[in-house]
Amino acid sequence: MACLVRSLPTALLAVTLAVTSGVSECAAAARDFSLPTAYGGRVSLSDYADREAVVVVFLGTECPLAKLYGARLAELAEQYEGRGVAFLGVDANRQDSLTELAAYGRRSGIGFPLLKDNHAEAVDLLGATRTPEAFVLDRVGEVRYRGRIDDQYDVGVVRDAPERRFLREAIDAVLAGEPVATPQTRAVGCVIGRPQEPDAHSEVTYAEHVAPILEKHCVECHREGEIAPFVLRGYEEVAGWADTIAEVVRDQRMPPWHADPSYSHFANERLMSAEEKQILYDWAAAGAPEGDPAKLPPQRRFTEGWRLPREPDVVVPMRDEPYRVAAQGVIDYQYFAADPGFTEDTWVQAADIVPGDRSVVHHVIVFISPPADQAQRGLGWLAAYVPGQSSMVLPEGQARLVPAGSKLVFQMHYTPTGAEADDLTRLGLVLADPATVTEEVVTLASANAKFEIPPGADDYPVSTTREWFPAGSKLVGLAPHMHYRGKSFRMTGVWPDGQRKVLLDVPRYDFNWQTNYKLREPIELPEGFAVESEATFDNSEDNPFNPDPTAAVRWGDQSFQEMMVGFFELSAPRGSLTRDLGRRSDEPSEAKQGEARAVAQRLFERHDDGDGSLTRGELPDAFAVFAFDRYDLNDDQELTEDEVYEAALAEATRSF
């Protein structure tokens with residue numbers, strides 16, 4: 001329903017929108033607003049009464065979506081400037097200063113006025129609740145549109161490009177004198193941190209109750225220079241985020257932890273208690289009172305530089321020069337192969353990954369890619385970085401083996417922040433004395449690649465079972481892996497005597513968080529132990545992450561395809577992996593031959609351009625970096641189907 005901004009004799013504009021359950025309705029008239037700008041001076045809404053349309057966009061300097069849309073809004077304003085359309089940016093966050101607002105404008109290339117709404121005048125006038133949230137007013141002052149800018153970004157969702165450009169469509173309709181087809185959409189983003197009057201009688205305060213919770217659960221990422229988009233230290237800063245904090249905790253988006261605690265507990269779990277959550281809810285509801293600063297907890301201290309028991313013996317950069325991270329859009333996983341220069345087998349006891357720019361590095365996995373004539377040791381996993389967890393430090397006597405001549409492959413997941421960035425991630429390694437290594441740590445996998453998810457299916461099941469584990473090994477960690485349609489994942493241990501136990505249950509899988517769940521106590525694996533993995537996929541329109549609900553989806557490396565993989569981190573007696581491998585690989589079975597032939601056929605069906613051979617450029621990045629050289633048996637930089645079959649059969653026979 002459109003609302004009228006009344007034309008008063010004094011040319012003042014008036015409107016207010018009441019918001020009830022996300023539906024806007026007209027309410028009593030309110031006054032014009034006049035606000036200070038980020039660069040000095042004041043601007044009033046009534047200054048633009050002669051324009052064909054006025055676009056008012058509520059912004060925040062640290063809100064991730066406001067950052068992503070800043071440059072896009074600047075482009076829109078330039079495109080419509082000559083057509084009588086004015087843009088105004090309004091920041092009503094108590095935690096944002098005029099200096100920070102000006103810096104946001106410079107970073108985003110914004111030329112239109114940016115206003116600071118210190119007393120929520122514009123917020124109350126228009127009924128804004130989020131950043132970014134746009135309002136389009138026509139020449140007579142009627143609010144013709146309110147809501148999101150377009151549909152490219154949502155909470156945890158990034159599309160390659162917007163399918164609907166709601167703000168642009170609304171402006172065009174107003175200029176054409178036509179009704180706006182979609183006059184209101186659900187705004188997504190951060191809750192506006194408007195100034196509030198704290199409840200002086202509240203029993204919950206920032207200093208005594210909230211700050212300790214944030215120090216315990218949040219500041220590892222929410223501090224200066226880390227991946228989180230804003231800092232959660234200092235009362236004035238945190239108070240502005242009170243409603244957003246309550247929302248993301250209530251929605252179970254933060255802290256990022258997806259394992260159901262009713263089945264298992266893990267050494268690295270991030271779980272708030274029900275009492276801690278209620279404290280955050282009550283504090284936000286009370287207007288975020290500060291309390292006595294003398295009762296603030298001591299701040300946690302974090303290691304700067306390498307998080308290793310000593311300085312690294314070897315430092316491996318992902319490549320020679322930084323990678324330029326785009327300001328916006330979807331960035332496919334990037335793969336970089338680096339040579340550590342190991343001329344002999346090397347045992348790694350500790351590893352740490354340090355991003356060059358933590359603000360854009362979402363996660364990193366470093367894999368070991370051995371020479372073509374050597375067996376892949378499990379998945380080849382060496383180390384991983386996710387926000388708050390960057391280092392692998394194994395107990396004395398345990399280490400991961402990097403065979404001589406191996407390359408290290410960096411899998412990089414970048415998240416744009418609205419401004420270009422350069423990243424040069426490095427890996428630091430602490431080596432173990434081979435004479436002290438008694439257990440090898442290795443990551444194995446269990447996968448099902450033979451599935452096709454029908455269009456529209458909202459709960460499609462896929463399962464797989466791993467029935468062999470190295471003799472005498474211990475299970476120390478688990479991780480599920482799917483893509484955007486992944487819905488749930490459960491791993492169940494099955495003992496030889498028939499005992500069954502759920503080892504990991506992830507009822508709400510989130511592709512944005514690649515968590516390795518570390519068991520509090522390792523599980524000794526008897527001969528005959530197996531793990532059943534059950535996953536479900538949501539290929540329906542109700543899945544906001546779904547790239548295309550009309551597509552039938554099969555296995556593939558790209559995120560618009562799917563995978564169903566369970567990872568198992570094990571420690572095994574040194575030498576047992578090689579001995580078991582020798583017993584298992586005397587002669588390829590008919591099943592292995594069939595699997596190898598299927599691998600070759602699928603690869604050519606999906607990627608061959610019709611000439612009967614595959615070059616590196618025709619293949620997905622992951623395959624081109626990891627596998628091409630291993631499959632190119634005659635080193636001619638082309639793959640034939642027979643070559644792929646022979647290489648796949650050899651790998652299936654000699655790997656574990």
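Here is a short walk through three places in this structure, which is a predicted model.

Let's begin with helix α7, which spans residues 242–250. This helix is mostly covered, with 7 of its 9 residues buried. If you would like to find them in the viewer, they are A242, T244, I245, A246, E247, V248 and V249. What do these buried residues pack against? Their partners include two helices, α6 (235–239) and α8 (274–285), together with the strands β11 (130–131) and β16 (190–191). Step just past the end of α7 and you will meet Q252, whose phi is positive, at about 65°.

Next, move along the chain to R358, an arginine in the loop that links β20 (346–354) to β21 (361–369). Is this loop residue buried or exposed? R358 counts as buried because its relative accessibility is 16%, and the cut-off for buried is under 20%. Leaving aside residues up to four places away in sequence, R358 touches G225, E226, I227, R307 and Y385.

Our last stop is on the surface, where D609, D611, D635, D636 and E638 form a negative patch. Take D611 as one of its members: you will find it in the loop between α10 (590–607) and α11 (621–626). D611 has a relative accessible area of 49%, so it is partly exposed; patch members need over 30%. R358 and D611 both sit in loops, yet R358 is buried while D611 is partly exposed.

Definitions and conventions:
Residues are numbered from 1 along each chain as its sequence is written. This is a predicted model: local features need pLDDT of at least 70, side-chain atom pairs count only at pLDDT 80 or more; totals for chains, interfaces and linings use all residues. Side-chain values use heavy atoms; hydrogens and water are left out. Patches are made of residues with over 30% relative accessible area and no salt bridge: like charges are joined within 9 Å, nonpolar side chains (Val, Leu, Ile, Met, Phe, Trp, Tyr) within 5 Å. Accessible areas come from the Shrake-Rupley method with a 1.4 Å probe; for residues, only the protein chains shown count as cover. A salt bridge is a side-chain nitrogen of Lys or Arg within 4 Å of a carboxyl oxygen of Asp or Glu. Lys and Arg count as positive and Asp and Glu as negative; His and the chain ends are not counted. The place of a charge is taken as NZ of Lys, CZ of Arg, CG of Asp or CD of Glu. Helices (H or I, at least four residues) and strands (E, at least two) are DSSP runs, numbered from the N terminus. Buried means under 20% relative accessible area, exposed over 50%, partly exposed in between (1.4 Å probe, protein chains only). Contact means heavy atoms within 4.5 Å.
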